[in-house]
Amino acid sequence: VIQVAGNMTRSESLALRQAGGLFYSGIFLAVRSIHVQQNVIGDLIAHIGSGIDHEIDVAIDQLLHICLSDPTAMQPMVTFVRGMLDYLESFNRTQVRKVYQVLS
């Protein structure tokens with residue numbers, strides 16, 4: 001299912017990208033396996049590092065959604081999330097604001 005979410009997130013279709021993002025956050029919030037949650041966050045970070053604006057937007061939006069929905073579950077993922085900082089210089093202002101919201 002995570003692979004399907006990834007394929008959808010890379011789609012040119014806005015509807016499929018949004019659905020892929022929702023799959024990611026749904027999987028993270030519903031499956032209480034640290035391994036699965038790490039895979040979800042790792043995939044979202046990979047989308048952020050893709051350099052493709054629509055993938056970056058979906059991934060950051062879903063990370064923010066996950067952080068706001070279950071901040072406790074995100075605490076063990078802090079190392080992964082810090083990986084976003086490597087890509088900070090390529091983000092637009094809106095993306096930078098959202099990244100700082102995720103990090104806070």
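Start with K98 and D61: their side chains meet in a salt bridge, 2.6 Å from N to O. The model you have open is predicted.

**Stop 1: K98 and D61**

Show both side chains as sticks. K98 sits in helix 7, residues 93-103, and D61 sits in helix 4. The two are 37 residues apart, and the pair links distant parts of the chain. Now switch on a surface. K98 is partly exposed, with a relative accessible area of 24%. D61 is partly exposed too, at 31%; the partly exposed class runs between 20% and 50%, so both residues fall inside it.

How many salt bridges does a search of the whole structure find? It finds two. Go to the other one next.

**Stop 2: R32 and D70**

Select R32 and D70. Their closest N and O atoms are 2.7 Å apart, and they form a salt bridge. Trace the backbone on either side. R32 lies in the loop between helix 2 (14-30) and helix 3 (34-48). D70 lies in the loop between helix 4 (53-69) and helix 5 (71-74). The partners are 38 residues apart in sequence, so the pair ties together those parts.

Is each partner buried or exposed? R32 is exposed, with 53% relative accessible area. D70 is buried, at 15%. The cut-offs explain the labels: buried means under 20% and exposed means over 50%, so R32 and D70 get opposite words.

**Stop 3: Q37, beside R32**

Keep R32 on screen and add Q37, which is in helix 3. Q37 is buried, with a relative accessible area of 6%. Which residues does Q37 touch, once those up to four places away in sequence are set aside? Select F28, V31, R32, A73 and M77. R32 thus appears twice on this tour: as a contact of Q37 and as the salt-bridge partner of D70.

**Stop 4: helix 3 against helix 4**

Colour helix 3 and helix 4 separately. Their axes are 7 Å apart and the angle between them is about 145°. The crossing of helix 3 past helix 4 is left-handed. Now pick out the side chains in the contact. From helix 3, take I41, L44, I45, H47 and I48. From helix 4, take E55, I56, A59, I60, Q62, L63 and I66.

**Stop 5: Q62**

Stay on helix 4 and centre on Q62. Q62 counts as buried, at 10% relative accessibility. Leaving out residues up to four places away in sequence, Q62 touches G21, L22, S25 and L44. L44 is also listed in the contact between helix 3 and helix 4, as is Q62 itself.

**Stop 6: the patch at F23**

Move to F23, in helix 2. F23 is partly exposed, at 35% relative accessibility. Add V1 and V4. With F23 they make a nonpolar surface patch of about 280 Å².

**Stop 7: V99**

Return to helix 7 and select V99. What is its relative accessibility? V99 is at 0% and counts as buried. Show its contacts: I60, M84, L88 and F91, leaving aside neighbours within four places in sequence. One of these, I60, also belongs to the helix 4 side of the contact with helix 3. Draw a C-alpha distance from V99 to M84. The two are 7.6 Å apart in space and 15 residues apart in sequence.

**Stop 8: L103**

Stay on helix 7 and select L103. L103 is partly exposed, at 34% relative accessibility. L103 touches V81, M84 and L85, with residues up to four places away in sequence not counted. M84 is a contact of V99 as well. Now draw the C-alpha distance from L103 to F91: it is 15 Å, for residues twelve places apart along the chain.

**Last stop: L68**

Finish on helix 4 with L68. Is L68 buried or exposed? L68 is exposed, with a relative accessible area of 66%. Add Q101 and connect the C-alpha atoms. L68 and Q101 are 9.4 Å apart in space and 33 residues apart in sequence.

Definitions and conventions. Residues numbered from 1 in each chain as written. Predicted model: local features only at pLDDT ≥ 70, side-chain atom pairs only at ≥ 80, totals over all residues. Heavy atoms only, no water. Salt bridge = Lys/Arg side-chain N within 4 Å of Asp/Glu carboxyl O. Helix = DSSP H or I, 4+ residues; strand = E, 2+ residues; numbered from the N terminus. Buried < 20%, exposed > 50% of the residue type's maximum accessible area, 1.4 Å probe, protein only. Contact = heavy atoms within 4.5 Å. Patch = residues over 30% accessible without salt bridge, like charges linked within 9 Å, V, L, I, M, F, W, Y side chains within 5 Å. Areas by Shrake-Rupley, 256 points an atom, 1.4 Å probe, with all protein chains shown as cover. Axes fitted to C-alpha atoms, helices over the stretch in contact; angles between N-to-C directions. Left-handed = near helix turned anticlockwise from the far one by under 90°.
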